[in-house]
Amino acid sequence: MRPINFLPVAAFLLIVGAFSWYLVSGEDPRVIPSPLIDKPVPEFDLPPLEAGIPGLASRDLAEGKVVLVNVFASWCAPCRIEHPFLSALAAEGVPIYGIAYKDAPEDTRAMLAELGNPYERIGVDRDGRVGIDLGVYGVPETYVVSGDGRIRHKHIGPILPANQDEIRAAIRAAGETP
Amino acid sequence: MRRMLIMLLLLAPLAAAAAVAVDETQLADPAAEAEARAIMREIRCLVCQNQSIEDSNADLARDLRQIVRQRVAAGDDAAAVKAYLVARYGDWVLLEPPFKPATLILWLFPPALFLALVAYALHRARRRRLTAPPPLDETERARLARLLDKDGDAA
């Protein structure tokens, strides 16, 4: 047989190989790469949730320090999974800013009263418009913002124990970018 | 009975179209609403992924529908509305991927493969025509004569 006769078999094996590679790579097809990476945070100004905790505006994110912006809601069950990690980061001195996404303020307050509040600032995004400007499509979402107000990393979905190193690495890397 | 069934089947897509977004504030101008709807059909619902936002009942899809309507009402054309959404969600938000350097393989591979196969088929056909078959040997000639003879008898 001439080598060209093996071409269909080779093509088939190539396709099978590519499919199985993606299958076992563990890449989540639901995670959509954000076009906002390395771009400045879009312009926004959200009112505070309650007295004592300031609201959140885009200018608060360009104050020269790395911050974590966490989009959360009381109706979001997976948000509770990452809550202890956010509290731990806050205790280590990483500023964590929250955006309460499409949530009734009294529900957000009840949730924070129950679980504790890791957020230095909380902006209330009642109608989700700021969420859309940030490209939010699955709460919770977490953004690592460098001191110049640019988004350096985005994590979609809850920060599971397996993702904690990735978030810490992104915070370190954001601190090193000039 | 059959005619009624066919009628129902023909009407089904209309019913589906009418079910979209009935509880929403639509644009007062029917032409603008139609334009907004046309854009919605090309925007992917990010939560459900393989539905357009026009098809989807997801919360985010409803929000995005309202944004498309607002942009259309503000005078944006389809390209501007899509650019607005792509800036936030990336090319993924478009159901039809755009033609650009990163998607060259995606768009050009199928026609290139087709052309290559056509070229290969033509090449083979020509080669087959050009190489004359070897002359028949003694036994083959005898068999051919027998076959032709039999044919003549049957006719």
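**Group meeting talk: salt bridges within and between two chains**

Hi everyone, let me start right at a contact: the side chains of A:Lys102 and B:Asp59 form a salt bridge, with N and O 3.6 Å apart. This pair runs between chains, from the loop between β4 (96–101) and α3 (105–115) of chain A, where A:Lys102 sits, to helix α3 (residues 59–73) of chain B, which holds B:Asp59. Before I go on, please keep in mind that this is a predicted model.

Let me stay with A:Lys102 for a moment. Is A:Lys102 buried or exposed? With a relative accessibility of 19%, A:Lys102 counts as buried, because the cut-off is under 20%. Its partner B:Asp59 has a relative accessible area of 41%, so B:Asp59 is partly exposed. The backbone of A:Lys102 deserves a look too: phi is positive, about 45°, although this residue is not a glycine. And A:Lys102 has another partner in chain B, since its side chain also meets that of B:Asp63 in a salt bridge, at 2.3 Å from N to O. For the force-field people here, those are the two distances to write down: 3.6 Å for B:Asp59 and 2.3 Å for B:Asp63.

Now let's step back to the interface as a whole. How many salt bridges does the rule find across the interface of chain A and chain B? It finds three. On top of that, there are five residue pairs in polar contact between the two chains, counting pairs with both residues at pLDDT 80 or more. On the chain A side, helix α4 (residues 129–133) gives the most to the surface that touches chain B, with four residues. That side of chain A is made up of 10 nonpolar, two polar and six charged residues. In terms of contacts, 18 residues of chain A meet 18 residues of chain B. The area buried between the chains is about 1,400 Å², and carbon and sulfur atoms give 52% of it.

Next, salt bridges more widely. Over all chains, the rule gives a count of 20. One of them sits inside chain A: A:Arg152 pairs with A:Asp38, and the closest N and O atoms are 2.9 Å apart. A:Arg152 belongs to strand β7 (residues 151–156) and A:Asp38 to the loop between α1 (7–24) and β1 (45–46), so this pair ties together parts of chain A that are 114 residues apart in sequence. Both ends are partly exposed: A:Arg152 has a relative accessibility of 21%, and A:Asp38 has 41%. A:Asp38 also has a positive phi, about 70°, although it is not a glycine.

Over to chain B. What elements does chain B contain? It has six helices and zero strands, so to speak an α-α-α-α-α-α run from the N terminus on. Of its 155 residues, 26% are buried. Among contacts in chain B with a separation of 6 or more, 47% come from residues 24 or more positions apart.

One link of that kind is a salt bridge between B:Arg69 and B:Glu33, with the closest N and O atoms 3.0 Å apart. It connects distant parts of the chain, from helix α3, which holds B:Arg69, to helix α2 (residues 30–40), which holds B:Glu33, a spacing of 36 residues. Both B:Arg69 and B:Glu33 are buried. They also belong to a network of salt bridges that links B:Glu33, B:Arg37, B:Arg41, B:Glu54 and B:Arg69.

Now for the aromatics. A search of the whole structure finds four aromatic pairs over all chains. Take A:Phe72 and A:Tyr119: their ring centres are 4.5 Å apart and their planes are at 15°, so the pair is stacked. A:Phe72 lies in strand β3 (residues 67–72) and A:Tyr119 in the loop between α3 and β5 (121–125), so this pair ties together parts of chain A that are 47 residues apart in sequence. Both rings belong to buried residues, A:Phe72 at 1% relative accessibility and A:Tyr119 at 6%.

One last backbone detail before I hand over. Which peptide bond is cis, with omega near 0°? That is the bond from A:Val139 to A:Pro140. A:Pro140 is in the loop between α4 and β6 (141–145) of chain A.

That's my tour, thanks for listening!

Note on methods: Residues are numbered from 1 along each chain as its sequence is written. Chains are lettered from A and ligands numbered from 1 in the order in which they are written. Side-chain values use heavy atoms; hydrogens and water are left out. Contact means heavy atoms within 4.5 Å. Buried area is the accessible area (1.4 Å probe) that two parts lose on being put together, summed over both. A salt bridge is a side-chain nitrogen of Lys or Arg within 4 Å of a carboxyl oxygen of Asp or Glu. A polar contact is a pair of N or O atoms within 3.5 Å; within protein, one must be able to donate a hydrogen and the other to accept it, and residues adjacent in sequence count only if both atoms are side-chain atoms. Helices (H or I, at least four residues) and strands (E, at least two) are DSSP runs, numbered from the N terminus. Ala, Val, Leu, Ile, Met, Phe, Trp, Tyr, Cys and Pro count as nonpolar, Asp, Glu, Lys and Arg as charged, and the others, Gly among them, as polar. Buried means under 20% relative accessible area, exposed over 50%, partly exposed in between (1.4 Å probe, protein chains only). Rings of Phe, Tyr and Trp (its six-membered ring) pair if their centres lie within 6.5 Å; planes under 30 degrees apart count as stacked, over 60 as edge-to-face and the rest as tilted.
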